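Subject: Structure handover

Hi,

Here is the structure you are taking over. Please open it alongside this note; my findings follow below.

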Amino acid sequence: MSVEVPCPQCGSILRAPAGSAGRKARCKKCRHGFRLPGDAVSDDVGQESTQLSVVDEPAFSFVSSTDEPTVSGRRSKSKYKSSIGAGGKGRSSSGNAGPMLTILGVVAVLIAGAVGAYFYMNPAQPPEQAAGSSAPVPKEPANETAQESPKKDNMKPAIAAAPKVAEKQPSRRTSVTGGMKLPPPPEKADSFRKPTAKASVDTEYDKIHKLFATGGDSPVAAILWASDPGFQGAGVKDTVDRYSMASGERIDRTIIEVGNAVWPRACDLSPGGDHFITEGPVGTLTLYDLNAKAKLGTPFKPFAGNPEVPTPSLAAALFVDEKTVIVAAVDGRIESWNAREGTRIGAGSVGTVTLTATSCAMKPNRSAMLIVAGATLQEMPAATLTPQPILSLPHGGGDGLAIAMDRSDRIAVAYRAKQPGTHTRFVVARSGDEKPSADLHLDDSAGIPNALSWCGPEAFTASLDSGTAFVYETEVNKPLATLSPRKTAKHALVGDRDYVLMPDTADAKKCVLVGIAFPPDDYLPLRNEAVADRKPIGFLVTAEGYGR
């Protein structure tokens with residue numbers, strides 16, 4: 001009698017033949033190979049893996065690293081070709097070819113007759129003689145064959161240009177479907193847990209650029225918001241408000257002079273939460289002492305030392321310590337600076353790539369910058385600025401969206417992959433691995449990742465621009481929990497803490513900032529429940545806390 005076993009990769013319930021305990025098997029759905037539980041009854045060295053049929057589809061699934069994303073307008077490529085018909089039985093490749101060929105022949109004759117009738121009723125004429133024609137006439141390329149055989153060219157039918165139009169169609173193949181879909185947010189929640197921290201923010205949500213947070217015994221949250229739009233693109237000012245996440249009170253408010261720099265711009269909060277660096281005016285970085293509410297040192301311009309090389313736009317400026325920053329340009333150049341003194345320390349490059357603010361992140365000990373550079377993840381040590389490739393990104397690499405590394409060198413990277421079309425991918429690995437240990441395709445309907453953080457021994461939290469966050473367990477390759485706001489939210493991830501900023505439902509001119517331990521303390525029961533149900537546990541976050 002057959003037995004049912006779950007696929008450890010996609011969660012599908014598979015049917016295994018009796019007496020196959022301990023043998024090699026492969027899931028027919030996701031092609032994942034594994035060994036069936038139990039002691040092997042015989043030596044299976046050299047034997048093929050048994051293909052197991054799917055009995056039950058998982059309620060929540062995703063495209064694994066062995067699957068190809070489906071591109072809109074064409075089927076995804078596969079090396080497995082099936083001859084199974086709609087009825088489920090094997091069918092010969094030529095078993096019913098006769099009737100089909102007859103039908104196709106009749107259709108071809110009808111099409112040929114229609115085309116011939118069209119040209120009989122509408123004889124081809126030179127484009128310049130066609131009455132009422134205003135479309136530009138493409139010129140035939142001049143070559144020796146055309147000059148020697150003018151009569152043959154004149155005999156070409158008007159429909160000969162059609163294939164050129166068809167050759168331009170691949171540009172439509174950019175919409176990738178499939179991938180992991182997050183469940184909708186809960187409409188209501190019970191058993192609310194109070195937040196670990198809560199603060200009332202007297203700023204309109206729509207004016208807020210970004211939320212920063214630091215860890216430690218006295219965590220601090222900093223909110224950067226647009227306070228003065230300036231006049232005719234000049235004189236723009238932002239404000240940085242700091243809040244104590246222990247007391248929920250605002251610590252101070254610092255006015256930041258931005259000049260003509262537009263958002264998004266290079267900026268960062270220091271590790272201790274005492275300093276802030278920002279671009280403004282364009283191409284210039286200025287350091288602020290938030291305790292003194294004033295500029296510190298002299299503003300400086302990175303990448304402006306060589307007059308023969310154009311000064312590039314700034315992609316990111318990240319703190320190494322309270323006074324040192326690493327600056328990345330959009331063209332891949334890197335420099336380190338003493339921001340307090342305005343002196344350059346070193347320079348390097350990750351090659352000819354295009355960088356953005358989300359392409360860069362700092363290691364936990366801030367000894368190096370991590371950079372998504374095309375199809376590789378590079379490590380740029382602050383001491384040498386010599387790039388070191390540490391991970392190859394599958395599916396052609398792409399633009400970096402978020403990066404996180406823990407102190408044991410586990411890496412999680414979110415990026416917009418290029419192949420077979422633009423789509424969002426997460427990969428998980430350790431520094432130096434030849435290939436990722438997990439490779440996840442996230443459906444675009446969920447949102448675009450903007451932050452990652454390792455929140456547990458084998459789990460990371462990802463926040464999305466839709467306002468939702470989710471915890472993903474890398475050991476079982478499944479999402480465990482989702483955290484969704486009632487409307488929208490901004491997240492700042494610090495370890496296992498998620499600081500969530502959302503509009504105040506009672507006052508449109510205010511926001512609420514809450515700190516949440518996510519995933520919850522009962523992590524293992526949550527994991528077991530999510531794996532058993534084959535879907536993540538949904539949590540709803542509000543100003544009162546969060547519940548499921």
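**Overall picture**

Of the contacts in the protein chain between residues at least 6 apart in sequence, 48% join residues at least 24 apart. Please keep in mind that this is a predicted model. The protein chain has 548 residues, and 43% of them are buried. It contains 5 helices and 37 strands.

**The cores**

Start with the largest nonpolar core, which has 22 residues. Its members that touch the most other members are Leu-483, Val-500, Val-514, Ile-516, Phe-518, Phe-539 and Val-541. Several elements give two or more residues to this core. The strands among them are β31 (469-473), β32 (478-485), β34 (497-503), β35 (511-517) and β36 (537-542). Helix α5 (523-533) also gives two or more. Another core lies apart from it. That one has 20 residues, including Ala-414, Phe-460, Leu-464 and Tyr-472. As general background, nonpolar side chains in soluble globular proteins tend to be buried together.

Phe-539 is worth a click. Leaving out residues up to four places away in sequence, Phe-539 touches Ala-481, Thr-482, Leu-483 and Ser-484, among others. Its contacts also include Phe-518, Pro-520 and Leu-526. Pro-186 is on the list too, as are Tyr-546, Gly-547 and Arg-548.

**Two open sheets**

One open sheet has 4 strands, in the order β17-β18-β19-β20, with antiparallel pairing. Its edges are β17 and β20 (343-349). Each has a single partner strand, so one side of each is left without a neighbour in the sheet. Direction ignored, neighbouring strands of this sheet are turned by 20° against each other on average. β17 pairs with β18 (residues 324-329) in the antiparallel sense, over 5 bridges. Within this sheet, Ala-317 stands opposite Val-327 in β18.

Another open sheet of 4 strands runs β25-β26-β27-β28, again with antiparallel pairing. Here β25 (398-405) and β28 (438-442) stand at the edges. Each has one side without a neighbour in the sheet, because each has a single partner strand. The twist from one strand to the next averages 20°. β27 (residues 423-430) and β28 pair in the antiparallel sense over 5 bridges. Val-428 is placed opposite Ala-438 in β28.

**Glu-335 and Phe-303**

Is Glu-335 buried or exposed? Glu-335 has a relative accessible area of 5%, under the 20% cut-off, so it counts as buried. Glu-335 sits in strand β19 (residues 333-338). A polar atom of the Glu-335 side chain lies 3.0 Å from the backbone nitrogen of Phe-303. Setting aside neighbours within four places in sequence, Glu-335 is in contact with Pro-302, Phe-303, Val-325, Ile-326 and Val-327, among others. Arg-344, Gly-346, Ala-347 and Leu-385 are also among its contacts.

Now look at Phe-303 itself. Phe-303 lies in the loop between β16 (294-295) and β17 (314-319). Phe-303 is buried as well, at 4% relative accessibility. Its phi is near 60°, a positive value in a residue other than glycine.

**Other backbone points**

Asn-477 also has a positive phi, near 55°, and is not a glycine. Asn-477 is found in the loop between β31 and β32. Asn-477 is buried, with a relative accessible area of 10%.

Which peptide bond leading to Pro-264 is cis? The bond from Trp-263 to Pro-264 is, with omega near 5°. Pro-264 is found in the loop between β12 (250-259) and β13 (267-269). A cis peptide bond also joins Gly-280 and Pro-281, with omega about 0°. Pro-281 is placed in the loop between β14 (275-279) and β15 (285-289).

**Cysteines**

How many disulfides does a search of the whole structure find? The search finds 0. Why does Cys-511 count as buried? Its relative accessible area is 0%, and buried means under 20%, so Cys-511 qualifies. Cys-360 is buried too, with a relative accessible area of 8%.

Over to you.

Technical notes:
Residues numbered from 1 in each chain as written. Predicted model: local features only at pLDDT ≥ 70, side-chain atom pairs only at ≥ 80, totals over all residues. Heavy atoms only, no water. Core = buried A, V, L, I, M, F, W, Y, C linked by side-chain atoms within 4.5 Å. Buried < 20%, exposed > 50% of the residue type's maximum accessible area, 1.4 Å probe, protein only. Contact = heavy atoms within 4.5 Å. Polar contact = N/O pair within 3.5 Å; in protein donor to acceptor, adjacent residues only side chain to side chain. Disulfide = S-S within 2.5 Å. Pairing = 2+ DSSP bridges. Axes fitted to C-alpha atoms, helices over the stretch in contact; angles between N-to-C directions.
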